[in-house]
Amino acid sequence: MRSARWTALLARIRRAGGAEAARATVAAALTWQTCALLLHVTDPYAGAIAAVLIVETTVVATVSAATRYAAGCLLGVLVAVPGALYAEPGMVGLGVVVFAAALLARRGFLGHYGLHVPTTALITFALVRGRHPGELATHLAEIVVGIAFGLACTMLLFPTVRVRSAERALEELRLLIARHLDGLADAVVRHEQPRKVLGPAWEDDLGTALTRARAAMDEAHESVRWNPRPTARRRRSHLDHPVLRTLSDVAGQVSTTGRLLDTHPDAAETSRPASAFAQPYARLLRTTALCAYSCRGGRPHPALPAARQALARLGAPRSDPPERAAPDQRLLRPLESALTCLSAPAPAPPARSHRILDPLRPSPRR
């Protein structure tokens with residue numbers, strides 16, 4: 001009971017960004033102590049600020065933040081030093097430095113870290129103009145130490161691996177697609193519009209789930225890159241994107257089928273008499289739902305070949321008039337595309353190089 005409470009508390013802290021705050025705290029403390037001991041600085045605030053500002057959720061994001069932070073500071077120094085040394089009078093030099101730094105800060109490649117270009121430029125201008133080159137070197141050394149400790153703490157202090165959230169998002173997407181297909185089958189049997197069975201916002205719910213799955217997948221791949229944790233190295237992420245593309249294609253075909261049934265709710269019944277089309281079509285929708293829920297990157301569901309054969313039999317040409325055969329084809333085309341997406345072969349895992357012994361060469365024995 002107590003362990004469950006601790007687990008829930010840790011999960012709540014993790015969701016609130018507690019891990020990032022802890023890494024930033026450790027990085028700032030180590031930067032402060034290191035600068036105080038090695039650089040003999042009483043208040044090394046510049047290094048501590050740099051360590052706090054570059055710590056992000058993932059290793060890739062931290063490296064990107066550190067690069068942009070360092071680029072902003074470097075640009076500020078490069079702009080300020082010539083203005084402080086060669087521009088006269090001082091107010092003219094200050095105006096030129098601020099103008100150039102503000103222009104560089106608004107470049108898109110720095111993002112919000114462009115703020116450090118004019119900040120570092122003003123500090124550099126003041127120190128160089130006041131003949132304090134030693135303090136400028138110490139200030140820049142603090143920033144370097146802070147960036148180094150921020151990167152080290154992000155990489156070594158339990159870096160985030162967000163693969164489970166991506167797996168949950170994919171599972172929710174699979175479940176929602178299966179439920180919508182089952183709801184479409186109910187709508188066909190009841191001769192009702194899908195919005196009355198699934199709700200008026202069922203397409204929006206499907207789009208939201210698909211967007212959430214894509215964002216979670218991108219975060220998962222970003223969290224695994226450059227991550228030294230053994231858990232991240234053991235993850236097999238080569239199947240994630242093909243599965244997501246397959247589910248995205250199937251979701252699009254589900255939306256198309258739902259719109260057709262919304263426009264013509266009796267299309268499955270008026271095409272052939274005595275429910276010769278509606279009942280098999282509803283069973284085919286439920287079988288497709290089962291195959292979509294089983295789409296996890298491995299082999300397709302065993303019922304998929306039978307579903308494709310049933311679809312071929314259902315779409316076989318009959319002696320019906322053309323105006324009655326048209327609704328069949330309109331309803332069968334999206335389902336055929338969905339089954340084609342689900343039957344695509346799974347990508348092969350990366351090949352490993354094995355040492356193959358030559359059977360004709362006798363092995364040396366002592």
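Trainee: How much area does the protein chain expose, and what share do carbon and sulfur atoms supply?

Mentor: Accessible areas come from the Shrake-Rupley method with a 1.4 Å probe; for residues, only the protein chains shown count as cover. Here the protein chain exposes about 21,300 Å². Carbon and sulfur atoms supply 60% of that area. This is a predicted model, where local features need pLDDT of at least 70, side-chain atom pairs count only at pLDDT 80 or more, and totals for chains, interfaces and linings use all residues. Residues are numbered from 1 along each chain as its sequence is written, and side-chain values use heavy atoms, with hydrogens and water left out.

Trainee: How many helices and strands does the chain have?

Mentor: Both are DSSP runs, numbered from the N terminus: helices are H or I of at least four residues, strands are E of at least two. This chain has 16 helices and zero strands.

Trainee: What percentage of the residues is buried?

Mentor: Buried means under 20% relative accessible area, exposed over 50%, partly exposed in between (1.4 Å probe, protein chains only). Of the 366 residues in the protein chain, 36% are buried.

Trainee: Why does Arg 23 count as buried?

Mentor: Arg 23 counts as buried because its relative accessibility is 2%. It is found in helix H2, residues 18-39. Now its contacts, meaning heavy atoms within 4.5 Å. Leaving out residues up to four places away in sequence, Arg 23 touches several residues, including Glu 56, Cys 153 and Phe 158.

Trainee: And which residues does Pro 334 touch?

Mentor: With residues up to four places away in sequence not counted, they are Gln 253, Thr 256, Thr 257 and Leu 260. Pro 334 belongs to helix H16, residues 322-342. It is buried, because its relative accessibility is 6%. Its C-alpha atom is 9.1 Å from that of Ser 255, although 79 residues separate the two along the chain.

Trainee: How many aromatic pairs does the structure hold?

Mentor: Rings of Phe, Tyr and Trp (its six-membered ring) pair if their centres lie within 6.5 Å; planes under 30 degrees apart count as stacked, over 60 as edge-to-face and the rest as tilted. This structure holds one pair. Tyr 69 and Tyr 113 meet edge-to-face, 6.3 Å centre to centre, with 75° between the planes. Tyr 69 lies in helix H4 and Tyr 113 in the loop between helix H5 and helix H6, so the pair ties together parts 44 residues apart in sequence. Both tyrosines are buried.
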